[in-house]
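Hi,

Here is the structure I promised to pass on to you. Have a look at it first, then read my notes underneath.

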Amino acid sequence: MFLQSSFMGILLVIIVTFFVGTCDGQLAFRFYAQTCPNAESIVLSVVQDAIARDPTVAAALLRLHFHDCFVEGCDGSILIDNGLTSEKRASTHQGLRGFEEIEKAKAELESVCPGVVSCADIVALAARDAVALANGPGYQVLTGRRDGRVSNIELAAAMPDVNDSIQLLKAKFLEKGLTEKDLVLLSAAHTIGTTACFFMNKRLYNFFPNVEGVSSDPSVNPTFLPGLEARCPKDGDVNVRLAMDSGSEQLFDINILQNIRNGFAVLASDARLNDDETTKSVIDSYLSFPSPFSVQTFEVDFADSIVKMGRIGVKTGFQGEIRRVCSSFN
């Protein structure tokens with residue numbers, strides 16, 4: 001049913017070196033080399049154990065990093081649990097997981113390096129490790145972030161939403177210093193993981209409100225629509241989950257872009273990437289001449305974009321704090 005090139009099954013793990021020097025302001029590669037030399041290996045061990053028990057944790061940790069960075073910057077604000085007003089309670093964050101893994105890594109780090117490694121850095125490192133363990137690209141992470149002291153549900157309005165127009169998606173990314181190419185590449189993180197029927201209702205049953213006889217998003221491939229409706233029936237269980245990259249949900253690969261181009265995108269926001277001339281041209285640039293080199297280029301570019309995202313609104317130096325527990329301010 002899906003158009004796939006012969007290279008789609010190739011597993012590539014690319015160690016990407018970015019020519020940006022050894023630091024970025026007060027962020028640096030191996031920031032904890034002297035103060036907590038085993039910091040990165042401790043986080044990796046926790047992530048490895050979690051994914052061995054439940055492979056879907058990889059997508060959860062990657063998503064957690066994205067959701068953290070888009071509200072108040074990459075400062076661990078998404079981890080705070082301060083009641084109904086906490087950022088994590090926003091509808092755009094519904095279904096977020098991975099909090100337990102971050103807390104476990106933090107507890108282990110506190111036992112050997114108390115007050116040294118920030119929760120924000122743990123989130124960024126865990127996402128990096130999750131991508132690599134899902135057969136995605138390896139990349140270096142700049143560290144040295146400090147944890148923010150703000151977590152407010154009202155600030156989550158800046159989050160991209162699955163029902164946003166392509167114009168609004170581009171505007172939200174631009175506001176964070178990210179380009180249309182970054183929008184495509186970071187959306188391609190949906191190559192792993194699942195979404196809930198909660199996020200599908202409008203696309204399947206209310207895409208054109210008040211228009212009789214037309215309810216679903218016309219960009220859905222007609223052969224794909226019945227399967228989506230069967231998994232997420234109208235007035236059905238909104239917590240049922242379905243793969244965002246049909247046929248490849250546990251493998252980090254380029255298949256997500258092929259699905260988007262062919263009308264097999266699950267999320268409406270992914271489908272919108274094929275509606276816009278600029279974002280469509282980015283997708284086409286990886287698929288027009290399929291080869292193993294296209295896969296490598298996609299993975300290198302994805303790594304570049306996620307590292308770029310990881311610099312959004314970072315707090316360093318004397319800003320913020322180093323939390324003792326990731327879910328609460330000191």
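Below is what I found, starting with the whole protein and then going through a few residues one by one.

Before anything else: this is a predicted model. The average pLDDT of the protein is 90, and 90% of the residues score at least 70. The stretch to watch is residues 1–24, where the pLDDT is below 50. That stretch still has 57 contacts in the model beyond near neighbours in sequence. Where pLDDT is low, though, the predicted coordinates should not be read in detail.

**The whole protein**

If you count the secondary structure, you get 12 helices and 7 strands. The radius of gyration is 19 Å, and the globule rule gives 20 Å for 330 residues, so the protein is as compact as a globular protein of that length. Measuring tape in hand, you would find that the C-alpha trace spans about 60 × 45 × 35 Å along its principal axes.

What about inside and outside? Buried residues account for 54% of the 330. The protein exposes about 14300 Å², and 55% of that comes from carbon and sulfur atoms.

The chain also folds back on itself over long stretches of sequence: take the contacts between residues at least 6 apart, and 76% of them join residues at least 24 apart. As for charges, there are 29 positive and 40 negative ones, and their mean positions are 3 Å apart.

**A residue on the inside**

Try finding isoleucine 78. You'll see it in the loop between α2 (57–69) and α3 (99–112). Is isoleucine 78 buried or exposed? Its relative accessible area is 0%, and buried means under 20%, so isoleucine 78 counts as buried. Leaving out residues up to four places away in sequence, isoleucine 78 touches Leu64, Asp68, Glu87, Lys88, His93, Leu96 and Phe99. Leucine 183 is another matter: 105 residues along the chain from isoleucine 78, with 21 Å between the two C-alpha atoms.

**Two loop residues with a positive phi**

Next, check the backbone angles of arginine 30 and asparagine 135. Arginine 30 is not a glycine, yet its phi is positive, at about 55°. You can spot arginine 30 in the loop between β3 (27–29) and α1 (39–53), and its relative accessibility of 47% makes it partly exposed.

Asparagine 135 isn't a glycine either, and its phi is also positive, near 70°. It sits in the loop between α4 (119–133) and β4 (138–139). With 28% relative accessibility, asparagine 135 is partly exposed.

**Three helix residues**

Now for lysine 181, which belongs to helix α6 (residues 180–187). Which residues does lysine 181 touch, not counting those up to four places away in sequence? They are Val282, Tyr286 and Asp301. Lysine 181 has a relative accessibility of 37% and counts as partly exposed. Its C-alpha is 15 Å from that of alanine 271, and the two residues are 90 apart along the chain.

Lysine 280 is part of helix α11 (residues 277–287). Beyond its neighbours up to four places away, lysine 280 touches Leu273 and Asn274. Its relative accessible area is 30%, which puts lysine 280 in the partly exposed group. Alanine 171 is 109 residues away from lysine 280 along the chain, and their C-alpha atoms are separated by 16 Å.

Last comes glutamine 296, in helix α12 (residues 292–309). Glutamine 296 is partly exposed, at 32% relative accessibility. Tyrosine 286, which we already met as a contact of lysine 181, is 10 residues from glutamine 296 in sequence and 9.6 Å from it in space, C-alpha to C-alpha.

If you'd like a place to start, click on isoleucine 78 in its loop, and then go to lysine 181 in α6.

Cheers

Methods:
Residues are numbered from 1 along each chain as its sequence is written. This is a predicted model: local features need pLDDT of at least 70, side-chain atom pairs count only at pLDDT 80 or more; totals for chains, interfaces and linings use all residues. Side-chain values use heavy atoms; hydrogens and water are left out. Helices (H or I, at least four residues) and strands (E, at least two) are DSSP runs, numbered from the N terminus. The radius of gyration is taken over C-alpha atoms; the globule rule is 2.2 Å times the number of residues to the power 0.38. Buried means under 20% relative accessible area, exposed over 50%, partly exposed in between (1.4 Å probe, protein chains only). Contact means heavy atoms within 4.5 Å. Accessible areas come from the Shrake-Rupley method with a 1.4 Å probe; for residues, only the protein chains shown count as cover. Lys and Arg count as positive and Asp and Glu as negative; His and the chain ends are not counted. The place of a charge is taken as NZ of Lys, CZ of Arg, CG of Asp or CD of Glu. pLDDT is the predictor's confidence in each residue, from 0 to 100.
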